[in-house]
Amino acid sequence: MAGTGFGLIGTGFMGRAHAIALASVAAVFDDIEAPRAACIADADEESAARAARALRFERACGDWRALVADSAVDVVDVCTPNHLHYEMALAALEAGKHVFCEKPLALTVAEAERLARAAQSAGVVHGVGLNYTTNPMIRTAREIVTSGEIGEVLHFSGRYFEDYMASPEAPFTWRCERRLAGSGALADLGSHLINMMHYLVGRPRVLAADTSTAIRERRRPDGVMQVVENEDVARAFIELESGVPATLEISRIATGRKCGLAFDLFGTRGALRFDQERMNELELFTGGEAPGRAGYRTLLAGPAHGDYARFCPAPGHGLGINDLKVIEMHDFIRAVERGERFYPDFDEGLAVQRVMQAIEDAAAEHCRVTLDWTAETS
Ligand SMILES: NC(=O)c1ccc[n+]([C@@H]2O[C@H](COP(=O)([O-])OP(=O)(O)OC[C@H]3O[C@@H](n4cnc5c(N)ncnc54)[C@H](O)[C@@H]3O)[C@@H](O)[C@H]2O)c1
């Protein structure tokens, strides 16, 4: 059987990460056919051709619509800036292709709803690049929560702190512009944190929030100062559907933090804490020790955790971010080969988009926003 043919659009940070995953996934996982790197597209012919040579794709094109139409392409993999996701993913679904799209799924709830509906009626496999929940230690955290090992969940506190915009000298990019990015820190970082919260403790029922922009103008590459159109910081105070209280705090100006996707999760009999900057460690508190000896212990990633053993037979040697992309790629290809559902899919992408919008609405109106999950697409 010929392996699944991939058409990759966008050859920047994420395009390269997806291409690396594509090249190595069948070496790591032996339960799928090796995928084919069928076609790669970028904004022009020259950069697409350069990327095809470097990343070993069979064909290059400067027009993404030609990639979507290519009969060798089974999966359209969208790795372009946020404003292009909707148009590209929709065209791919209409062409009957499976679609993997980087996060956030779209710019607005209306776009995300349309994509989720189109994906459902196309009957194809669909996925969103919310890759941090593929971490074997996060899958272990979920097992610990759902098995009741730390009792009933009492409280979730999540943060995602990065400092890529902390310097006032950091340039104006597409991530600062509403038309191209949608929201700011919320879409870029908050989308991952919201998915993490959904995965571990569930969805919000009601929330209050605020957002703020600390650095209001940034210099464009041509030297002209431009107004930043979206937020640097977002904070939300949440009551989950279960009634559990949760907080989310998201910042792209968190000086010194590089990939601080982190949480504390407190239960009646124990607690978990995690920080993506130490992604091979999950801290677990279960108590029960003698007075003066109780405390968190560190579970160090090893073959007993999720897909770790596929990469390495020895514990404590550690996985990295590109390995999470390999796991994500594997799960998606397996879903295509078996005709199964992939998680996180477009429905989860839509759910994340709805929470991001609720945070923006609550912040703009200074009010509490209630989320109604009864009208889901599935
Ligand atoms: N999952 C993650 O952890 C993660 C991390 C970073 C970025 N992302 C997401 O990935 C997406 C891309 O971000 P990035 O950091 O790779 O951006 P980037 O700017 O590094 O790359 C974007 C690429 O898209 C290409 N492109 C732009 N317009 C195009 C067009 N019309 N046709 C074809 N190609 C076009 C650009 O030439 C470039 O190669 C964003 O949606 C972002 O949110 C996800």
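The following paragraphs go through a predicted model of a protein, from its overall dimensions to single residues.

The protein has 378 residues, and a compact globule of that length would have a radius of gyration near 21 Å; the protein has 21 Å, so the two agree. Along the principal axes, the C-alpha trace spans about 65 × 50 × 40 Å. The secondary structure consists of eleven helices and 17 strands. Of the contacts with a sequence separation of 6 or more, 70% are made by residues 24 or more positions apart. Buried residues account for 56% of the 378 residues.

The surface can be described by area and by charge. About 15900 Å² of the protein is exposed, and carbon and sulfur atoms supply 50% of that area. There are 39 positive and 54 negative charges, and their mean positions lie 2 Å apart.

Next come the cysteines. The count of disulfides is zero. A disulfide requires two cysteine sulfur atoms within 2.5 Å. For C101, the closest cysteine sulfur belongs to C79 and is 8.3 Å away, which is too far for a bond. For C176, the closest cysteine sulfur is in C259, at 19 Å, and is therefore also too far for a bond. C101 is buried, since its relative accessible area is 0%. C176 likewise counts as buried, because its relative accessibility is 0%.

The backbone has some features worth locating in the loops. The peptide bond joining K103 and P104 is cis, with omega about -10°. P104 sits in the loop that connects strand 5 (98–101) with helix 5 (109–122). Another cis peptide bond runs from Y343 to P344, where omega is near 0°. P344 belongs to the loop between helix 10 (321–338) and helix 11 (346–365).

Positive phi values in residues other than glycine occur at R56, where phi is near 60°, and at H366, where phi is near 50°. R56 is in the loop between helix 2 (45–55) and strand 3 (59–61). With a relative accessibility of 71%, R56 counts as exposed. H366 is in the loop between helix 11 and strand 17 (369–370). At 73% relative accessibility, H366 counts as exposed too. The cut-off applied here is that exposed means over 50% relative accessible area.

Three further residues show how separate parts of the chain are placed with respect to one another. D31 lies in the loop between helix 1 (13–28) and strand 2 (36–41). Its relative accessible area is 26%, so D31 is partly exposed. D31 and H330 are 299 residues apart along the chain, while their C-alpha atoms are separated by 8.9 Å. H330 is also one of the residues that D31 touches; leaving out residues up to four places away in sequence, the others are R310, R334, E337 and R338.

P204 is in strand 8, which covers residues 204–212. P204 is buried, because its relative accessible area is 0%. Its C-alpha atom is 9.3 Å from that of D372, a residue 168 positions away along the chain. Not counting neighbours within four places in sequence, P204 is in contact with M197, H198, I238, E239, L240, E241, V355, L371 and W373. D372 itself is absent from that list of contacts.

L319 lies in the loop between helix 9 (308–311) and helix 10. L319 is buried, with a relative accessible area of 9%. Buried in this sense means under 20% relative accessible area, so a value of 9% qualifies. Outside the residues up to four places away in sequence, L319 touches P136, M279, N280, Y308 and F311. Y308 and F311 are the end residues given for helix 9. The distance from L319 to I150 is 26 Å, C-alpha to C-alpha, with their positions 169 residues apart in sequence.

How values were computed. Residues are numbered from 1 along each chain as its sequence is written. This is a predicted model: local features need pLDDT of at least 70, side-chain atom pairs count only at pLDDT 80 or more; totals for chains, interfaces and linings use all residues. Side-chain values use heavy atoms; hydrogens and water are left out. Helices (H or I, at least four residues) and strands (E, at least two) are DSSP runs, numbered from the N terminus. The radius of gyration is taken over C-alpha atoms; the globule rule is 2.2 Å times the number of residues to the power 0.38. Buried means under 20% relative accessible area, exposed over 50%, partly exposed in between (1.4 Å probe, protein chains only). Contact means heavy atoms within 4.5 Å. Accessible areas come from the Shrake-Rupley method with a 1.4 Å probe; for residues, only the protein chains shown count as cover. Lys and Arg count as positive and Asp and Glu as negative; His and the chain ends are not counted. The place of a charge is taken as NZ of Lys, CZ of Arg, CG of Asp or CD of Glu.
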